[in-house]
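Biologist: I have a new model open and want to learn how to read its features. Can we take them one by one?

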Amino acid sequence: MNQTTLQKYETVIGLEVHLQLNTRTKIFCGCANVFGKDANTQTCPVCLGLPGTLPVLNRKALEYAVKIALALNCKVNTFVKFDRKNYYYPDLPKGYQISQYDKPIAHDGHVLVTMADGTVKKIGVKRAHLEEDAGKLIHDERANASLVDYNRTGTPLMEIVSDPDLRSPLEAYEYLQALKLTLQYLDVSDCDMEKGSLRCDANISTRELGNNQLGTKAEVKNLNSFKAVRAALEFEEKRQRDVLASGGRIVQETRLWDEAKAITAPMRSKEEAHDYRYFPEPDLVPFVIEEGAIAAVRGAIPELPRQKLERFIKEYGLCEYDGNIIVADPDIAAFFEACAGIYRDTKKICNWLNGPLLQELNARKTGLKDIRITPEDLVAIIRKVDENVLSNLAAKDTLKFVLESGKSVETVVQEKGLAQVSDSGALEGIVEEVIRANGNVVQQIRDGKESAVGFLVGQAMRRTQGKANPKMIGEIIKKQLSVQ
Ligand SMILES: [Zn+2]
C-alpha cells in the first residue's frame, strides 16, 4: 500500500477497560478479595451462586465507583440499579452476571491525555459501571481437561468505556497510561495487567478521511499488556486499511490477539453471538445515593496527576518533560516535593530523581517506598556536590551505597572514603610526582600541546583513586609548569 492510500484513511479507536477494585471483600459477599490463593478457597454460597442465597452490595465498592466517576469527570447516577446479564459459561456459576445496563453509575466524563507529541487531548468517557467478575478457567493440557477456580468470582469490577475519540494505536496507549495513573492515584486498584486487575478490550474501525460516519468495527480481545494493546491495534489498523484499499469490506467481528504470531485472528463466531436478555436484578433493590455521601467522596479525592503536574510546573518551575516523569509515580512526586521543601534548586533535584535514582530503582526492579533513602539523604548528597566534597561520580556511588546499606550519607562518605581530596598541599605533592614521571608529556605541553594536560590530570586522578577534584588538579599542573 503506498503513502497516498494510507493517508486516505482515519483510524477510530475506543477502549473498554475492566478494573478490579481493591476492596477488602468481594462485591456481594464477605469473602476476601485477594489474589494468588489456592483455588476455590475464597468462596461462599453467595459467590458460588448456590440457590437461596442473596447478594448484599459492598459499600466500599460503591464508594470506589463514585470516586472513579468523579475523578474521570463523569456525571454520577445517584439512582443505583443493577441488572442481570444472562449467559452461560463454566466460570459463571449463577448463569448470569450482576452488572449495570441502562443506568451505569457514571457517564459522560473525560480524561485529559498528554500525547506523545506534547499536545493535550480530551478523551471522552462514555460510561463506567459496577459489576462482578467471573471465575477463572484453567486449561490443563496434561489432563486434557478444564479446571475452574471461583476465587475471582464476585471481585468488584468497574468497566470504563471510552468514546471513540482515539485516532491511533499510540493515542490508545497514551490514554491507557493516563487512565492507569489516575486510578493509581485514587488507590482503588493495583492496576496490574499481569495479575489481570486491569484488562482492556479495544474497538477499532477505519473510515475515509473527512467521513464522519463510523466504519464497521472489530473488537480486539486477549490483550495482556499496554504494549500488546498498541501492537494489536497497529496490526489491525494496517489490516483494515489493506482490506479497504483493495476494495473489500470490514466484517464486524471479535478478533483475538495472538502474541506469539503478532497477529489478530477472528474468534470462532459461535462463541461470540450473545443475547444477554438483561433485566433488573430482583435481589438488589434500587436505591438513591444522597448528595452528602457524594460530597464526602469528592472531598476524599487526592490531588490527581494532571493537577499535580500543573502545580509543579507553576510552583517549582519544572518543565513539562521533567514534571511528567516525576508525576508518573505518586511516591516519586511526594519525594520530589519533600526535597523541594529543603533545597531550592528543583532542576537539580529532578535531574537526580529522573537520572541516578530512577536508574537504581530500575536496576533493582523496585519502587521508591521499598528502598532506604529519605529526601534528606538525597539533598545531603546534592549539597556535597555543590560544596565540592563529592565529585559527580562519587555522588552516584554514595547514592548506591546509601540504598544498599541504609546508612547515612555522612557515614557512607567516610567509610568508603568517597570525599574528594581538596587539600591543595596533598595534591601539589601528587602533581609533582606525576610531572616527574612523565617528562616526555611535560615536554609536549611546553611545546604548546595544551591537550596533553588532560593526560597528566588523568594520571593524578589515578593516584588519588578518583577522589581528587580534576579541575583543581588541572590548575595545579598549569601552575607548576608555569603555562596558562
Ligand atoms: Zn463469597
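Modeller: Yes. Start with one residue. Gly210 has a relative accessible area of 68%, which is over 50%, so Gly210 counts as exposed. Keep in mind that this is a predicted model.

Biologist: Where does Gly210 lie?

Modeller: Gly210 sits in the loop between strand E11 (198–208) and strand E12 (218–223). Look across the chain as well. Gly210 and Glu10 are 200 residues apart along the chain, and their C-alpha atoms are separated by 8.5 Å.

Biologist: Next, backbone angles. What is the general expectation for phi?

Modeller: Most residues other than glycine have a negative phi. Asn40 has a positive value, with phi near 60°. Asn388 also has a positive value. Its phi is near 65°.

Biologist: Where is Asn40, in the loop between which elements?

Modeller: The loop between E1 and H2 holds Asn40. Its relative accessibility is 35%, so Asn40 counts as partly exposed. Asn388 lies in the loop between helix H10 (375–386) and helix H11 (392–405). With a relative accessible area of 40%, Asn388 is partly exposed.

Biologist: Now the metal. Which residues coordinate the zinc ion?

Modeller: Read the donors, then the distances. Cys29, Cys31, Cys44 and Cys47 each coordinate the zinc ion through SG, at 2.3 to 2.4 Å. Along the chain, these donors follow the spacing C-x1-C-x12-C-x2-C.

Biologist: How should I judge the geometry?

Modeller: Check the angles. Ideal angles at a metal are 109.5 degrees for four tetrahedral donors. Here the four donor atoms subtend angles of 101 to 115° around the zinc ion, so the arrangement is tetrahedral.

Biologist: Are Cys31 and Cys47 buried or exposed?

Modeller: Cys31 and Cys47 are both buried.

Biologist: On to empty space. How many cavities of 30 Å³ or more are there?

Modeller: A cavity is closed: a 1.4 Å probe fits but cannot get out. The count here is one cavity of 30 Å³ or more. The largest cavity has a volume of about 40 Å³. Its lining includes Leu92, Pro93, Tyr96, Glu132 and Thr153. By class, that lining has four nonpolar, two polar and three charged residues.

Biologist: And pockets? How much space lies in the second largest pocket?

Modeller: The second largest pocket holds about 1400 Å³ of space. Its lining has 46 residues, and Gln177, Leu181, Gln184, Val327 and Ala328 lie nearest its centre. Elements that give two or more residues to this lining include strand E6 (106–114), helix H3 (169–186), helix H6 (305–316), helix H7 (320–327) and helix H8 (330–340).

Biologist: Which element gives the largest share of the lining of the second largest pocket?

Modeller: H3, with eight residues. By class, the lining of this pocket divides into 23 nonpolar, twelve polar and eleven charged residues.

Biologist: Last, the domains. Where are they along the chain?

Modeller: Domain 1 covers 3–295, domain 2 covers 301–415 and domain 3 covers 424–480. The C-alpha centres of domain 2 and domain 3 lie 35 Å apart.

Biologist: Why does the second largest pocket lie between domain 1 and domain 2?

Modeller: Look at who supplies the lining. Domain 1 and domain 2 both give residues to the lining of the second largest pocket, so this pocket lies between them.

Note on methods
Residues numbered from 1 in each chain as written. Predicted model: local features only at pLDDT ≥ 70, side-chain atom pairs only at ≥ 80, totals over all residues. Heavy atoms only, no water. Donors = N, O, S within 2.8 Å, 3.2 Å for Na, K, Ca; no water. Tetrahedral: all angles 85-135°; square planar, octahedral: opposite > 155°, others 65-115°. Buried < 20%, exposed > 50% of the residue type's maximum accessible area, 1.4 Å probe, protein only. 1 Å grid on protein atoms, 1.4 Å probe; cavity = no way out; pocket = protein on both sides within 12 Å on 5 of 7 lines; lining within 4 Å. Points joined across faces, edges and corners; volume = space filled by probe spheres on them. Nonpolar A, V, L, I, M, F, W, Y, C, P; charged D, E, K, R; others polar. Domains from an automatic or database assignment. Helix = DSSP H or I, 4+ residues; strand = E, 2+ residues; numbered from the N terminus.
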